[in-house]
Number of protein chains: 2
Amino acid sequence: MSRPSSKDTILDAAESVVRESGAVHMTLDAVAERAGVSKGGLLYNFPTKESLLEAMIARQVGRCEANRAEAEEKAGGDPTVKLRSYVDTALQLEGGMRETCAPLLAAGANNPKLLDPVREHYRKLIAELQDPAINFDDAMVVMLASDGLWLLEMLQIFPLDDAQRARLHAKLLALSDQTVQKRK
Amino acid sequence: MSRPSSKDTILDAAESVVRESGAVHMTLDAVAERAGVSKGGLLYNFPTKESLLEAMIARQVGRCEANRAEAEEKAGGDPTVKLRSYVDTALQLEGGMRETCAPLLAAGANNPKLLDPVREHYRKLIAELQDPAINFDDAMVVMLASDGLWLLEMLQIFPLDDAQRARLHAKLLALSDQTVQKRK
DNA sequence: GAAACTTTACCGGCTAGACGGTTTTCTACC
DNA sequence: GGTAGAAAACCGTCTAGCCGGTAAAGTTTC
């Protein structure tokens with residue numbers, strides 16, 4: 001790692017290109033130019049376009065995980081915290097997140113292999129929810145609803161106004177809390 | 001309408017190509033060949049590739065609507081029927097539905113315009129749920145959870161075993177029923 | 001001086017769409 | 001009802017542009 005940030009510079013550039021034109025139009029030439037690197041230099045760091053996309057998705061997942069880790073740290077050992085932080089993470093689409101994620105979602109839908117980091121993320125999350133203090137099915141519903149909302153906003157299927165959105169958010173958090181009492 | 005089914009034949013062909021190679025690799029040549037039509041003939045019916053994709057998505061949405069309409073007809077005027085039929089429709093991914101929908105989802109994520117028929121579908125559904133007998137927020141959660149499950153299975157993020165899936169399905173239906181009593 | 005890194009120049013393949021021509025179907029008129 | 005002419009449907013080819021990836025020749029760093 002003599003030039004520590006070469007890969008990161010390229011990933012930043014790729015993200016900004018994706019944000020502007022979508023993953024389909026993300027060409028190696030465009031990314032290289034944006035990164036201030038030649039095409040050969042780009043391919044030295046990421047031997048194939050697929051490997052570049054994979055790294056982009058992995059980085060995005062990493063951001064979500066960092067988000068959640070931070071939220072959990074703030075909130076001690078309460079088992080519903082995991083769920084609450086998941087809801088929060090799914091619902092906060094800040095700073096061009098949508099523009100970045102939608103094309104990556106598209107790329108992932110076309111090439112399942114790209115989504116491996118996401119799969120791993122879910123695997124861990126579900127393992128965490130296998131907690132005797134939590135009603136698993138209830139927790140799943142909350143998780144799935146968060147994902148559904150994430151999807152619909154990502155695809156701009158319907159634009160919720162702030163009030164509706166806040167109500168839904170609150171409702172999902174309330175349901176998160178309920179999962180912990182309900183053990184049969 | 002001398003040749004009534006020319007467009008449908010092409011759409012069938014396009015679907016089968018998509019199912020095999022994904023929307024990205026769905027080339028006009030491939031579709032034309034599969035449909036037993038020349039490229040010129042294809043472009044006569046669908047002037048651009050985009051218009052073809054749009055028609056494919058519209059047809060898929062139409063199928064879902066037909067599904068729901070049928071379910072609702074069977075079940076009289078109970079207001080939760082709408083929600084129950086939505087859950088059922090979202091959860092039944094039969095006969096290559098996944099292989100067809102995932103690439104279309106990808107195409108839609110890249111080109112928001114393609115999703116217009118989907119937007120319209122949701123608009124109608126949400127209008128239907130604005131029923132004084134139904135707790136709207138509860139209904140939304142059920143709807144979103146169905147969509148979330150649909151997404152995760154579509155992307156093969158995690159494969160539920162039949163038992164888990166059936167439990168979740170039952171739970172979502174139960175929640176559908178609850179939306180009708182809970183009015184504050 | 002060798003290994004890591006970067007550049008420039010280039011290639012081969014693919015694809016959307018245009019275009020000019022051909023066949024089939026419809027319409028109208030005698 | 002037959003024929004002519006218009007319109008619709010369809011065909012096959014061509015092409016310009018793009019894009020991922022290679023190859024070989026520098027350049028920097030240790």
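Select Lys39(A) and DNA strand D: an N or O atom in the side chain of Lys39(A) is 2.7 Å from a base nitrogen of the strand. The model is predicted, and the distances in this tour are computed from it.

**Around DNA strand D**

Stay on chain A and add Lys49(A). Here the partner is the backbone of the DNA: a polar side-chain atom of Lys49(A) lies 2.5 Å from a phosphate oxygen of strand D. Then go to chain B and pick Asn45(B), where a polar side-chain atom and a phosphate oxygen of DNA strand D are 3.2 Å apart.

Now show every residue around DNA strand D; there are 15. Those that come nearest are Leu28(A), Lys39(A), Lys49(A), Ser38(B) and Tyr44(B). Colour the surface near strand D by residue class to see five nonpolar, seven polar and three charged residues.

Next, select helix H3 (39–45) in chain A and helix H3 (39–45) in chain B. Each of these helices supplies at least two residues of the surface near DNA strand D. H3(B) gives the most to that surface, with four residues.

Turn to the DNA side and select the atoms of strand D within 4 Å of the protein. Sugar or phosphate accounts for 58% of these atoms, and bases for the rest.

**Between chain A and chain B**

Hide the DNA and select the residues in contact between the two protein chains: 39 residues from chain A and 38 residues from chain B. On the chain A side, zoom to Val141(A), Leu144(A) and Ile157(A), which lose the most area to chain B and together make up 17% of what that side buries. For the pair of chains, the buried area is about 3,200 Å², with 73% of it on carbon and sulfur atoms.

For a polar feature of this interface, select Lys171(A) and Asp138(B). Their side chains meet in a salt bridge, with 2.4 Å from N to O. The count of salt bridges between chain A and chain B is four. Eight residue pairs between the chains are in polar contact, counting those with both residues at pLDDT 80 or more.

Finish with the helices of chain A. Helix H6 (97–110), helix H7 (116–129), helix H8 (136–154) and helix H9 (162–178) are the elements that give two or more residues to the side touching chain B. Of the elements on that side, H8(A) gives the most, with 14 residues. Colour this side of chain A by residue class: 29 residues are nonpolar, four are polar and six are charged.

Technical notes: Residues are numbered from 1 along each chain as its sequence is written. Chains are lettered from A and ligands numbered from 1 in the order in which they are written. This is a predicted model: local features need pLDDT of at least 70, side-chain atom pairs count only at pLDDT 80 or more; totals for chains, interfaces and linings use all residues. Side-chain values use heavy atoms; hydrogens and water are left out. A residue is near a molecule or strand if one of its heavy atoms lies within 4 Å of it. A polar contact is a pair of N or O atoms within 3.5 Å; within protein, one must be able to donate a hydrogen and the other to accept it, and residues adjacent in sequence count only if both atoms are side-chain atoms. Ala, Val, Leu, Ile, Met, Phe, Trp, Tyr, Cys and Pro count as nonpolar, Asp, Glu, Lys and Arg as charged, and the others, Gly among them, as polar. Contact means heavy atoms within 4.5 Å. Buried area is the accessible area (1.4 Å probe) that two parts lose on being put together, summed over both.
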